[in-house]
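This report describes strand pairing, nonpolar packing and cysteine environments in one protein model. The sequence and structure are shown first.

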Amino acid sequence: MSQIDGNTPANKTELRHDRTREEIRDIYRQPLPDLLYAAQTLHREFHDPTRVQFCQLLSVKTGGCPEDCAYCPQSAHYMTEVNRGGLLPLGEVVQFAERARGEGATRFCMGAAWRQVQEGEDFEAVLEMVRRVSKLGMEVCCSLGMLDETQAERLADAGLTAYNHNLDTSPEFYGQIITTRNYEDRLRTLASVRKAGVTVCCGGIIGLGESESDRVGLLHQLSTLNPHPESVPINALVRVAGTPLENLEALDPLVFVRMIATARILMPASMVRLSAGRRSLSREAVALCFVAGANSLFIGEKLLTTANPDPEDDMAMLQALGLEPLQLQ
């Protein structure tokens, strides 16, 4: 079998970018044991099933975002408990990254509540943050909103490993969740990131009130990108008081497991990351996510502004499952 995407060895299952929504729906709807078996089989082909990458996410600029994402407590459109703040000092960010590395994180992510990257003092400061964290030997990811090709190139030159820009949901449901930015805006940013040679971190959020068809639509969008996103974060909605989605029903954990498993089958070489919403899942549900092919999680007390499981609980869970953190190379 020929090499795929320039980085998939010839003896690996061929990566596909042409699955239809109907094919994806059939995969997603399989009996759960069959779905998990297929996902775990591919997971073992492309990854070490005993290793989990630790990532840590820091909000380097919190609140006051002009976007109206219905799930987000950082939006200036909603009255939440999140206070608006300026960009964190460089030294504080570097200390946080050093502590994260000491706790086992091999990937450090920085998020800023911006609609888009603006040239100027704040962007220069973020570039220096990327340079300093990169020197620690960690993968460096940023989530800064929309950006153009020149900005993506500057981030790449500073040492950025990955850029996070989620699609959130299907194109059809997107307008019910966000009105201040359209789907094409997101795809253009992803194209700028890819052109600059930075890897793509792109996933979505489950539990927004979307239908099964919307979940399939999100997976279709992600899996038809060529190449696939190297990183695919799957988030469960964290219902925050003051946001329009605060009173939605809790997500069925098995729906979340199905999304993880289907993402693993569609994008077998990608890192599938357990992201926001883990606190709403039982330890058994999280274990099923690892069986389904997840191989990364976020550690630390918070994910941007929402609570995350205690680090001690995470380590106890991994020990019980016989899994180990991925080590720095």
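## Strand pairing and core packing

In this predicted model, Gln-53 stands opposite Ser-296 of strand E9. Strand E1 (residues 51-61) and E9 run parallel and are joined by 4 bridges. E9 also pairs in the parallel sense with strand E8 (residues 271-274), over 2 bridges, and here Leu-274 stands opposite Leu-297 of E9. Between E8 and E9 the chain passes through helix H10 (residues 283-291), and this β-α-β crossover is right-handed.

Strand E9 (residues 296-299) is covered on both faces: Ser-296 and Phe-298 are buried on one side, and Leu-297 and Ile-299 are buried on the other. In a regular strand, side chains alternate between the two faces of the sheet.

The largest nonpolar core comprises 93 residues, of which Tyr-71, Met-110, Tyr-163 and Phe-290 touch the most other members. Helix H9 (residues 253-266) gives the most to this core, contributing 9 residues. Leaving aside residues up to four places away in sequence, Phe-290 touches Gln-40, Val-52, Leu-274, Leu-297, Met-317, Leu-318, Leu-321 and Leu-323. Another core, of 7 residues, lies apart from the largest one and includes Cys-55, Cys-109, Cys-141 and Ala-162.

The count of disulfides is 0. Two cysteines are set out below.

| Cysteine | Nearest cysteine sulfur | Distance | Relative accessible area |
|---|---|---|---|
| Cys-69 | Cys-72 | 6.0 Å | 8%, buried |
| Cys-202 | Cys-201 | 7.6 Å | 0%, buried |

Why does Cys-202 form no bond with Cys-201? The sulfur of Cys-202 is 7.6 Å from that of Cys-201, which is too far for a bond, given that a disulfide requires sulfur atoms within 2.5 Å.

Technical notes
Residues are numbered from 1 along each chain as its sequence is written. This is a predicted model: local features need pLDDT of at least 70, side-chain atom pairs count only at pLDDT 80 or more; totals for chains, interfaces and linings use all residues. Side-chain values use heavy atoms; hydrogens and water are left out. A nonpolar core is a set of buried Ala, Val, Leu, Ile, Met, Phe, Trp, Tyr and Cys residues joined through side-chain atoms within 4.5 Å. Buried means under 20% relative accessible area, exposed over 50%, partly exposed in between (1.4 Å probe, protein chains only). Contact means heavy atoms within 4.5 Å. Two strands pair if DSSP finds at least two bridges between them. A crossover is right-handed if, with the strands pointing away from the viewer, the path from the first strand over the helix to the second runs clockwise.
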